[in-house]
Amino acid sequence: MSLPPAEPHPHRAVPAPSVHPRSVRAREAVLSAAADLLAEGGLAAATVDAVSARSGVSKMTIYKHWPSRTAVAAEAFGRRMADAIPLPDSGDAVADLREQVRRVSGFFAGDSGRVFRQLLAACATDAGGAPYFRAYFLQARREAVAELWDRLVAEGRARPGVTAGTATDLLFGPLVFRLMTGHAPLDEEQAEAVALAALHGLLADGA
């Protein structure tokens, strides 16, 4: 008796993209089309049919490079966000971390936040798309913040034992929670309050 095909493992690594010039051109066309469709109508608009029509790349080729439309959308969204939120570099790592929290909060507060919510929900049930969300959205964002945190460590300003990953979760996790639940605003004042609480702690000195 034959066994059903195995479901993609949720933590499976994303395969490296082909470097063949034709494949590179096709990928760029697909990602550009997907990003535009996401901006225009959210995840519902970024179907494989629509991406194929907009990019001029066949559906067969799209599925050759990505396992699902969620995977295409996640990669396209991650790249667009990286362009929209460059890492600040004022020379003061603490100020830059606070500024990055404000920038990410502002990004989530707009139409891009709606797309992010849709992608996060889709990736919860799309085992093929989830690794692309982690690779092209989460990993890139976390690596960027780690650069800033590593500066604090090198300057001796970070609390010993706090990793870049923990710092990232504390700084940006509240923004995602607020975006998903809507229980609190994503405005600049609130973003600053979150950043200060994460960076300086919740307890009074000596508590």
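**Exercise 1.** Leaving aside neighbours within four places in sequence, which residues is W66 in contact with?

*Solution.* The structure is a predicted model.
Step 1. Set aside the neighbours of W66 within four places in sequence; the remaining contacts are R27, V30, L31, A71, V72, E75 and Y132.
Step 2. Place W66 in its surroundings. The largest nonpolar core has 55 residues, and W66 is, with I62, F77 and F108, among those that touch the most other members.
Step 3. List the elements that give two or more residues to this core: helix 1, helix 2, helix 4 (69–84), helix 5 (93–109), helix 6 (111–125), helix 7 (130–154), helix 8 (164–181) and helix 9 (188–200).
Step 4. Find the main contributor. Helix 7 supplies the largest share, 10 residues.

**Exercise 2.** Describe the overall make-up of the protein chain.

*Solution.*
Step 1. Count the elements: the protein chain has nine helices and zero strands. Read along the sequence, the pattern is α-α-α-α-α-α-α-α-α.
Step 2. Take the extent of the C-alpha trace along its principal axes, which is about 65 × 40 × 35 Å.
Step 3. Take the burial: 39% of the 207 residues count as buried.
Step 4. Look at sequence separation in the contacts. Among contacts between residues at least 6 apart in sequence, 67% join residues at least 24 apart.

**Exercise 3.** Is L43 buried or exposed, and which residues surround it?

*Solution.*
Step 1. Locate the residue: L43 is in the loop between helix 1 (21–41) and helix 2 (48–55).
Step 2. Compare its relative accessible area with the cut-off. The value for L43 is 8%, and buried means under 20%; L43 is therefore buried.
Step 3. List its contacts, leaving aside neighbours within four places in sequence: L38, R69, A73, Q118, L119 and A122.
Step 4. Check one of these partners by C-alpha separation. L43 and Q118 are 75 residues apart along the chain, and their C-alpha atoms are separated by 6.4 Å.

**Exercise 4.** Is A53 buried or exposed?

*Solution.*
Step 1. Locate the residue: A53 is in helix 2.
Step 2. Apply the cut-off. The relative accessible area of A53 is 66% and exposed means over 50%, so A53 is exposed.
Step 3. Add a C-alpha separation: A53 and A33, 20 residues apart along the chain, have C-alpha atoms separated by 8.9 Å.

**Exercise 5.** Which residue forms a salt bridge with K59, and where do the two partners lie?

*Solution.*
Step 1. Search the whole structure; the search finds 14 salt bridges.
Step 2. Pick out the pair: K59 bridges to D49, with the closest N and O atoms 2.9 Å apart.
Step 3. Place the partners. K59 is in helix 3 (residues 59–65) and D49 in helix 2, 10 residues apart, and the pair links distant parts of the chain.
Step 4. Classify the exposure. K59, at 39% relative accessibility, counts as partly exposed; D49, at 47%, also counts as partly exposed.

**Exercise 6.** Work out the salt bridges of R151 with D89 and D96, and compare the exposure of the residues.

*Solution.*
Step 1. Take D89: its salt bridge with R151 has the closest N and O atoms 3.5 Å apart. D89 lies in the loop between helix 4 and helix 5 and R151 in helix 7, so this pair ties together parts that are 62 residues apart in sequence.
Step 2. Take D96: its side chain meets that of R151 in a salt bridge at 3.3 Å, N to O. This pair also links distant parts of the chain, with D96 in helix 5 and R151 in helix 7, 55 residues apart.
Step 3. Classify each residue. D89 is exposed at 62% relative accessible area, R151 is partly exposed at 24%, and D96 counts as buried at 2% relative accessibility.
Step 4. Note a further group: R98, E99, R102, R103 and E192 are linked in a network of salt bridges.

**Exercise 7.** At roughly what angle do the axes of helix 5 and helix 8 cross, and which residues meet?

*Solution.*
Step 1. Take the axes: they come within 10 Å and cross at roughly 15°.
Step 2. Apply the cut-off. Angles under 35 degrees count as roughly parallel, so helix 5 is roughly parallel to helix 8.
Step 3. Assign the hand: the crossing of helix 5 and helix 8 is right-handed.
Step 4. List the residues that meet: L97, Q100, V101, V104, S105 and F108 in helix 5, against L171, F172, L175, V176 and L179 in helix 8.

Note on methods:
Residues are numbered from 1 along each chain as its sequence is written. This is a predicted model: local features need pLDDT of at least 70, side-chain atom pairs count only at pLDDT 80 or more; totals for chains, interfaces and linings use all residues. Side-chain values use heavy atoms; hydrogens and water are left out. Helices (H or I, at least four residues) and strands (E, at least two) are DSSP runs, numbered from the N terminus. Buried means under 20% relative accessible area, exposed over 50%, partly exposed in between (1.4 Å probe, protein chains only). Contact means heavy atoms within 4.5 Å. A nonpolar core is a set of buried Ala, Val, Leu, Ile, Met, Phe, Trp, Tyr and Cys residues joined through side-chain atoms within 4.5 Å. A salt bridge is a side-chain nitrogen of Lys or Arg within 4 Å of a carboxyl oxygen of Asp or Glu. Axes are lines fitted to C-alpha atoms, for helices over the stretch in contact, and angles run from 0 to 180 degrees between N-to-C directions. Angles under 35 degrees count as roughly parallel, over 145 as roughly antiparallel, 65 to 115 as roughly perpendicular and the rest as oblique. A crossing is left-handed if the near helix is turned anticlockwise from the far one by less than a right angle, and right-handed if clockwise.
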